[in-house]
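Reader: I would like to go through this structure by question and answer. Please show it before we begin.

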Amino acid sequence: MPTTRAKGLEELFSDTLKDVYYAEKQILRALPKMAKSASSGELSEVFEKHRQETEGHVERLEQIFEAMGKPARGKTCDAIVGILEEGKEIMEDYAGDSALDAGLAASAQAVEHYEIARYGTLRTWADELGMKDASKLLDQTLQEEIKTDQQLTKLATSAVNRKAA
Ligand code: FE
Ligand code: FE
């Protein structure tokens, strides 16, 4: 048995909410740079569109914090810092290279997969905690992350990789 005070699912939920809130804010800062770096107009558009959606993700999280009576506060998420750092390296190492877009799309997919994992978990926990509104908001974001991932897959398997070949 743990020796520390029991925290329970609600605290785990709010800690994870802080993690993803931090992640979304970092992603919001990274997406314009990715859009600017992409050589494919289509890829750039996907990044720009998702930047706008990401603003909504931040707002939805703020709504959930508010409903819980907690201040919207992020908690450093080392995972997203690492994933975005790798993306930055791709942008630097492959600037001007024909494989740049393939690398950018792959980096963006790593970000989306991280978010999909987090939002899937958070939605499940919200359901278990009986937080219906939060569950709905988390699901809306989850669906946008999934759709973005699918768009990236489509781009990555067509033009982007053909160009890199
Ligand atoms: Fe997001
Ligand atoms: Fe996303």
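Reader: How many salt bridges does a search of the whole structure find?

Author: This is a predicted model, in which local features need pLDDT of at least 70 and side-chain atom pairs count only at pLDDT 80 or more, while totals for chains, interfaces and linings use all residues. Side-chain values use heavy atoms, without hydrogens and water, residues are numbered from 1 along each chain as its sequence is written, and chains are lettered from A and ligands numbered from 1 in the order in which they are written. A salt bridge is a side-chain nitrogen of Lys or Arg within 4 Å of a carboxyl oxygen of Asp or Glu. Searching the whole structure on that basis gives six.

Reader: Which residue forms a salt bridge with R51, and how far apart are the closest N and O atoms?

Author: Helices here are DSSP runs (H or I, at least four residues), numbered from the N terminus. R51 and the partner E48 are three residues apart in helix 2, so about one helical turn separates them. R51 and E48 also belong to a network of salt bridges with E55. The partner is E48, and the closest N and O atoms are 3.3 Å apart.

Reader: Is E53, which forms a salt bridge with K49, buried or exposed?

Author: E53 and K49 lie four residues apart in helix 2, so they are separated by about one helical turn. Buried means under 20% relative accessible area, exposed over 50%, and partly exposed in between (1.4 Å probe, protein chains only). K49, at 38%, is partly exposed. E53 has a relative accessible area of 18%, so E53 counts as buried.

Reader: What is the N to O distance where the side chains of D139 and R123 meet?

Author: D139 and R123 form a salt bridge. This pair links distant parts of the chain, with D139 in helix 5 (residues 132-164) and R123 in helix 4, 16 residues apart. D139 is partly exposed at 24% relative accessibility, and R123 is partly exposed at 27%. The N to O distance is 2.6 Å.

Reader: Which residue coordinates both iron ions?

Author: Donors are N, O and S atoms within 2.8 Å of the metal (3.2 Å for Na, K and Ca), and sites may look incomplete because water is not among the atoms. For the iron ion (ligand 2), the protein donors come from H50, E112, E115 and E145 and lie 2.0 to 2.6 Å from it. The iron ion (ligand 2) is 3.3 Å from the iron ion (ligand 1), and the residue that coordinates both is E115.

Key. Helix = DSSP H or I, 4+ residues; strand = E, 2+ residues; numbered from the N terminus.
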